[in-house]
Amino acid sequence: MITMVILLILLILFVIIGVPLAFAIGASCVTYLVFTNPALLMMVPQKLWTGSFSDLMIAMPLFMLAGDIMSSGGLTKRIISFCKQILRPIHGGLGEVNIVDSMIFGGISGSSVADTSALGSIIIPAMEADGYPRKVAAGITVASSTMGMIIPPSTPMIVYSMISGASVGALFLAGAIPGILVGVCQLAFVVFMSVKNHWHPAREKFNAKEFWRDILGGVPAILMPLFIILVVSTGICTASESAGAAVFYALIVGFFIYKELTWKDVWEAVKNTFVSSASVMIIIGFTSIFTYILTMQGVPDQVGAFFANLAMPRWAIAIVFDIMILLIGCFIDVSPAILLLTPIMQPVLEAYGFSSLQFGAMLITGLAIGLCTPPVGMCLNVCNKIMKMPVIEIFKGAAPYLCCNVVVLIAISLWEPLTTGLPLLFGYSI
């Protein structure tokens, strides 16, 4: 336990003085080894390489690239038009459209930050023009974007799969119900608030031509996440193969169906993917050294023994873990948090009867909320750049809707079938 405390203190010190997180993790590990066991420094390059070298991780940049290409190729506005039509029966306004947009877009990009960036720049100004308060428009956009990393395909689930050894296909299925539940809860709350505050627009006369144009225009966007979930969960393709197919599909849709994608857009998407995925891979490499030191010093066993000695009931452990995730998510970004927490807490929760799928769904659902909470919240910062609003104001607008996420987090923590039901249905062992 002393080892973990020393490492955490060193990590916090490096972060405070402004060292980027990846290098702060690496520097804390190297500093620790210099003063405790210099002979182990020779394993640092090896661990750095082997930690980030994984066939599974090929899927991560490819899913990012597919999402960027689809967004550049006219996807965003067609999803918005599609959602307006399917929400017509409940008289849904742009608040409801925003929620459903995020459910669909999250299944394409696999990233909450990409969701906020792509949808926010279009839908927030439109919501303001429709009578939504500025803070509410930004808050709904940020809160709904949390579904991006829960609904499959999910980039954080790929990272978690690499560390935990859980099947990517099973994890995608395990995240489907929690992600949809977040969306349904947020949608119900937005409908309630819209009725209360008269945010619903005046009913428009039904236009059959416009209806079918918007519906058919949105179908290609809807098919991609459904295709990925189907081929990965049934074992037809690996995660990496399905990600490559997703990139090919995105190019076909952008160039030949929507006809708005250019080679300049593709090049920009490739550059963005290189930068985003490289930063994650560097963090993964350095975190593998961090994890090696903790394992070598027996920290996971010590943490497990500590919780075992508490003799807490299963539900209490779940609540304690949920609170821990919410607190850590406020200060550490998603991928580093997954890499740091999984080796320590997965054995503890498995000892209490939690499967790796339920643990992963709890971890990712909880950390998604951290993207929308200060001080680190990446989605808050993206929205801040779009709207030029103070981060704390955006958070105030998002907080009521994030309560829906917390309710779902508690539900999946206390009732395992919400995360394991679909994987069992598709024949995965838990």
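Mentor: Before we start, one definition: a crossing is right-handed if the near helix is turned clockwise from the far one by less than a right angle, and left-handed if anticlockwise. Also keep in mind that this is a predicted model.

Trainee: Okay, so which way does H17 pass H18?

Mentor: That crossing is right-handed. The contact takes in Leu 380, Asn 381, Cys 383 and Asn 384 from H17, with Val 391, Ile 394 and Phe 395 on the H18 side.

Trainee: Why are H17 and H18 called roughly perpendicular?

Mentor: Look at the angle: the axes of H17 (residues 378-387) and H18 cross at roughly 115 degrees and come within 9 Å. The roughly perpendicular class runs from 65 to 115 degrees, and therefore H17 and H18 go into it.

Trainee: What makes up the contact of H17 with H18, by class?

Mentor: There are 5 nonpolar and 2 polar residues, and no charged ones. Cys counts as nonpolar, so Cys 383 of H17 goes in with the nonpolar group.

Trainee: H18 also packs with H7, right? Why is that pair called oblique?

Mentor: Same routine. H7 (residues 134-144) and H18 (residues 391-414) pack at about 45 degrees, their axes 7 Å apart. Roughly parallel needs an angle under 35 degrees, and roughly perpendicular begins at 65. The H7 and H18 angle fits neither, and they are therefore oblique. This crossing is right-handed too.

Trainee: Which residues of H7 and H18 make the contact?

Mentor: From H7 you have Lys 135, Val 136, Ala 138, Gly 139, Ile 140, Val 142 and Ala 143, while H18 brings residues including Glu 393, Lys 396, Tyr 401 and Asn 405. By class, this contact of H7 with H18 has 9 nonpolar, 3 polar and 3 charged residues.

Trainee: How do you know that H4 is not straight?

Mentor: Check its length. At 1.5 Å a residue, a straight helix of 28 residues would span 40 Å, yet H4 (residues 59-86) spans only 32 Å between its end C-alpha atoms. There is a kink of about 75 degrees in H4, centred on Gly 74.

Trainee: And what does the span of H12 look like against the expected one?

Mentor: H12 (residues 263-296) has 34 residues and reaches 49 Å from first C-alpha to last, close to the expected 50 Å. Just after H12, Gly 298 has a positive phi of about 75 degrees.

Trainee: What makes His 198 worth a look, given its phi?

Mentor: Most residues other than glycine have a negative phi. His 198 is not a glycine, but its phi is positive, about 60 degrees. You'll find His 198 in the loop between H9 (168-197) and H10 (208-233).

Trainee: One more: how do you know that the bond joining Pro 152 and Pro 153 is cis?

Mentor: Omega gives it away: about -5 degrees for that peptide bond, which is cis. Most peptide bonds are trans. As for where this is, Pro 153 is in the loop between H7 and H8 (155-164).

Conventions
Residues numbered from 1 in each chain as written. Predicted model: local features only at pLDDT ≥ 70, side-chain atom pairs only at ≥ 80, totals over all residues. Heavy atoms only, no water. Axes fitted to C-alpha atoms, helices over the stretch in contact; angles between N-to-C directions. Helix = DSSP H or I, 4+ residues; strand = E, 2+ residues; numbered from the N terminus. Parallel < 35°, antiparallel > 145°, perpendicular 65-115°, else oblique. Contact = heavy atoms within 4.5 Å. Expected span 1.5 Å × (residues − 1). Bend = angle between axes of the 7 residues up to and from the residue.
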